[in-house]
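The exercises below can be worked through with the sequence and the model open side by side. Each task is followed by a solution in steps.

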Amino acid sequence: MAHAVVVGAGIGGLTAALALKRKNWSVTVLEQAASIEPVGAGLAVAPNALRALDVIGVGDEVRKLSAIQGQSGIRVPDGRWLSRTTAEDAAARYGDPIVLLTRSALVGILAGRLPQDALRVNSRVESVDPATGRVTVSGTAETIEADLVVAADGIRSRIRSALFPGHPAPVYAGVTSWRAVVPLPGVTGASETWGSGLIFGVMPLAGGQVYCYATATVPAGLRAADERDELVRLFGRWHDPIPALLDAADPAAVLRHDIFCLDAPLPAFHAGRIALLGDAAHPMTPNLGQGACQAMEDAVVLAERVSPHGDLAAGLAVYSRERLARTTPIVRRSRAICRLTRWRNPLAVTLRDGAMRAATRFGPDVALRQFDMVLGWRI
């Protein structure tokens, strides 16, 4: 049986392993961490990603976790809406809701479908030979022979750097981010509030929890002694339920990371026997909520295009061509929205907000139509 080695047990890597297994590949997943408990708080699984998960048979299990109801959209700090729709309208347009859940919940669902011996933790990949598919595991004399290697090793992908050594690395997008899951029952609608160089997102999860995220336009590398206090300083006077969420947040559970993205698309998502996917291929800002969603798309498309008994080179070339065409405009659009959120000049912010309000006059579904290209995807 043809053997695929997946490097990285994140959402993209696990989805790829399951998709390849369904196509009769023997699969080994190598994860350098000691466990697969994911870093991160919440995750939006959009309709396009749900259709990708349907391919591996877990879409309905994820749909059961949907908790968004009522009005959703973009607001300003005093609570007024710039644009809005409803979760029900979105589900009617795209055939599915946007499901908010914790990363750990999705990782648990995916990992639970793997064969027991497929996942190996504490396995850091030292190198991969694109010509032969030979994988060298760091700290051991072991090499693993693979017909296909899937590089799902994240934004700082060592495999990407080795395959494309002259390509520009991911760059700081100009914003730092905070994330937390907060217990606060009764929150229903999802919203993202835009201020002057600031964003605060409120996304209800199942079980009376809320996924909160925030960004601020600051130089890279800054950190606060208490990150929750920093959030209170920046957002504590914004509209409800933001102050209550910050009061209920556990300071130890607030995560902070600077955001990086790849501005220059790679020339290809493959080389030799290696395929890149997810953040290893196209790291993007989170402004469209599509980072993990595109990784899931990558995974199922890759499994469809490469046959364990067919022409691997031809299949990888098709995968690379299709996914470059799909992801490049999404990366660029997300980056463009990120730039809009960084504006701090009062006049520029007023004009930006006014343009968003004016756009809603063209119809109640205008906020949804702009996402048709992203959310309407089908394999």
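**Exercise 1.** Which cysteine sulfur is closest to that of Cys212, and why is there no bond between the two?

*Solution.* This is a predicted model, in which local features need pLDDT of at least 70 and side-chain atom pairs count only at pLDDT 80 or more, while totals for chains, interfaces and linings use all residues. Residues are numbered from 1 along each chain as its sequence is written, and side-chain values use heavy atoms, with hydrogens and water left out. A disulfide is a pair of cysteine sulfur atoms within 2.5 Å. The closest cysteine sulfur to that of Cys212 belongs to Cys293 and lies 19 Å away, which is too far for a bond. Next, take Cys261, whose closest cysteine sulfur, in Cys338, is 6.9 Å away and therefore also too far. A search of the whole structure accordingly returns 0 disulfides.

**Exercise 2.** Determine whether Cys212 and Cys261 are buried or exposed.

*Solution.* Buried means under 20% relative accessible area, exposed over 50%, and partly exposed in between, with a 1.4 Å probe and protein chains only. Cys212 has 6% relative accessibility and so counts as buried; Cys261, at 1%, is buried as well.

**Exercise 3.** In what order do the 7 strands of the open sheet follow one another, and which strands are at the edges?

*Solution.* Strands (E, at least two residues) and helices (H or I, at least four) are DSSP runs numbered from the N terminus, and two strands pair if DSSP finds at least two bridges between them. The order is β5-β4-β13-β14-β15-β12-β16, with mixed pairing. The edge strands, each pairing on one side only, are β5 (81–86) and β16 (255–261). Within the sheet, β12 (residues 171–183) and β15 (residues 209–217) run antiparallel and are joined by 9 bridges, and Trp178 has Ala214 in β15 as its bridge partner.

**Exercise 4.** Which residues touch the most other members of the largest nonpolar core?

*Solution.* A nonpolar core is a set of buried Ala, Val, Leu, Ile, Met, Phe, Trp, Tyr and Cys residues joined through side-chain atoms within 4.5 Å. The largest one has 96 residues, and Val45 and Leu106 touch the most other members. Helix α9 (residues 291–305) provides the largest share of this core, 8 residues. With neighbours within four places in sequence left aside, Leu106 is in contact (heavy atoms within 4.5 Å) with residues including Ile11, Leu43, Val45 and Met296. Another core, of 20 residues, lies apart from the largest one and has Trp178 and Val202 among its members.
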